[in-house]
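Dear colleague,

Please find below the structure that I promised to pass on, with the sequence alongside. My notes on what turned up in it follow underneath.

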Amino acid sequence: MVAKNSNFSGTKGNAGPNMGDEVQIWVRPEVMELGVLPIIPPDKISIEMLSRLLQYAEDLGERGYPRMSYETWKHIAVKKMCISVECGMVVFFSCLLFSKMQPGRDRELEASLASALSQKERDEMMGDVEVWTMELIIMLYLHRVTSAHPRAIARQASLQTLTTDPWPNNSCAVSTSRKQLLEEKHAKFVREALPELLSLLAGHLQVEDSEKKKKVADKRSSRELLSFMKSAGVLSIDVVKSLGLILGASVRGEKNEKDLLSVATDINNCYRSGYLSKKNAFQKGLFEQWLLRGLDWAPHGEWLCVRRGCRQPWPVVSLAPQSHHRVVASPAAGHRLIYVCELIDGLTAHMGEEVANCDLKIRRCSKSNIYILHPIRNAVIHKCHDTRVVLGPVTGRVRLSECRNTVVICAARSMVIADCRGVIVHTLTPQRPILVGGRTQGVTLAPLNIYYTKLKQHMMHAQLQSHINMWNRPLHLSSDGVISGACEVMNPEDFQLLIIPFTQTPPVDGRPPLLPPGLPHEYAKSVEDAGKCVSSFRSEVKDANLTPEQRAILQKVIDTKFKVWLRDTGKQRELDQLEKFAITLKYERVAKQTSI
């Protein structure tokens, strides 16, 4: 079930109905939206620099090609490209996180680092980690243009270095009357950049000094020139394999995603994709045409989800007079996208009994509470304010962008906070939280503060371990390197557990609450001290031997103070949402029992 759009179907008119049309290729939205961060100035990773990087990696032999170790990359990034160690590390591990060629390698590294006994041993383990060189170059190519959108151009000192097409961004001007989705902009960008990217990966963009270039040109024989012209039209298997970082593929009618290389070399597609079996390579022109002809919407992308998605049967309530919220899921089975949009003064909750395999996008929600308690692949939280989002463990990356006065609670493999103000993040993460953007300020980091029955089971599915936790070591990056002052760690005295009303009852008197996994000792002690204060107050009231009239007066004072606290903190709105939510659940339960 695939929708067609004029942006993609225009090149298919001459193909006719054949097996080639059964191939569906799409841009992987998680890489474009989560993997690329505006942290490297584009002039430091120009096309010439990336071409030299590929040549240098090939010259290094096994140390640089086809795989490159972190030790080698750090040397190239710092010494050759003048990129800070921290920025180079983020790009390297983003490539490792989203790589299809070695999935799960980042989990193995986390477990190994946790078992290391010394810093020297950790450095040795880090140095031996490898990524595919061409995937790293693709990731750098995408980072090369993240700073070229209009908002960043105004902050750049040298505009002459921005020679590439602008990176797709929500703030870009749109000439059409209909507002484009980010996925449409990403697809357009890939279509325009594909020829240059293929030439870069194939090594056809040779960069040499002008004098050296003249000398080499004079010495080349006609046979060498003819050989170079022939090789300029050929793509190696490694080039096609590395494109799997940003492109997904499948055969129409099948549910599972397939590797781009296996689809391109399939007997039904090889004559259209330009596969040369004798050379074990691809003809560049045919492969490029086949790729563009098959480009379509991602099955788990935002376009299909918004236009063809099915409404989720979750209970949703809103106190707003008019609410146009949407809670939908993409129509494709398997890898799905759940899309929550424009929930105003509302509450929704979902506790998956089965292990879900989905991405999540939450956009433009305000004054709401969102609980989605099952494992998630990746999550995007965009332009939310005065909202609390509680998620189950996230296998990949969570990105908060342009949010304010928002609380996010979840365990995740990677956490990115971009251009946010006044947000509080309770997390358990094996990687350092990353802050990007010059407008990021007032961020507070705290340990995970929730517990529910299946939390540990969900964490095992996400391969997150409670003893590997770097929540309190944020890394704030900009195009100039590491900056500070935008983030702080929550004081243990301000830490409070969040009781999820749908999964557990409040703690019984005398019984300590269940603590979240990985909670540091000082925060656990703060929770214990708070419980002792409540127990001590109750004991004092009990031992005071108050008369019934005195008890009534005391109760009235406490109720008055409590109501003032509810109003001042906004908790009263949450109670109103919960009350309406309980009524909705009751009606739904009665409707199911009485249905014929």
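Which residue follows α3, and what is the sign of its phi? It is Gly61, whose phi is positive, near 75°.

Before going further, please keep in mind that this is a predicted model, in which local features need pLDDT of at least 70 and side-chain atom pairs count only at pLDDT 80 or more, while totals for chains, interfaces and linings use all residues. Residues are numbered from 1 along each chain as its sequence is written, and side-chain values use heavy atoms, with hydrogens and water left out.

Helix α3 (helices being DSSP runs of H or I with at least four residues, strands runs of E with at least two, both numbered from the N terminus) covers residues 47–60 and reaches 20 Å from its first C-alpha to its last, close to the 20 Å expected at 1.5 Å a residue; that expected span is 1.5 Å times one less than the number of residues. Its buried residues, including Ile47, Leu50 and Leu60, pack against β2, α4, α8 and α10. Here buried means under 20% relative accessible area, exposed over 50%, and partly exposed in between, with a 1.4 Å probe and protein chains only, and contact means heavy atoms within 4.5 Å.

In the loop between α3 and β2 sits Pro66, and the peptide bond that joins Tyr65 to Pro66 is cis, with omega near 5°. Most residues other than glycine have a negative phi, and most peptide bonds are trans. Against that background, Asn280, in the loop between β6 and β7, has a positive phi near 55°, and Lys367, in the loop between β13 and β14, has a positive phi near 50°. Asn280 counts as partly exposed because its relative accessibility is 41%, and Lys367 is partly exposed because its relative accessible area is 40%.

As for cysteines, the structure holds zero disulfides, a disulfide being a pair of cysteine sulfur atoms within 2.5 Å. Cys310 is in none, and the nearest cysteine sulfur, that of Cys305, is 8.0 Å away. Cys310 counts as partly exposed because its relative accessibility is 35%, whereas Cys87, at 3%, counts as buried.

Lastly, the lining of one enclosed space drew on α2, β13 and β15, each of which supplies at least two residues to the largest cavity. A cavity is a set of points on a 1 Å grid over the protein atoms alone where a 1.4 Å probe fits but cannot get out, and lining residues have an atom within 4 Å of a point.

With best wishes
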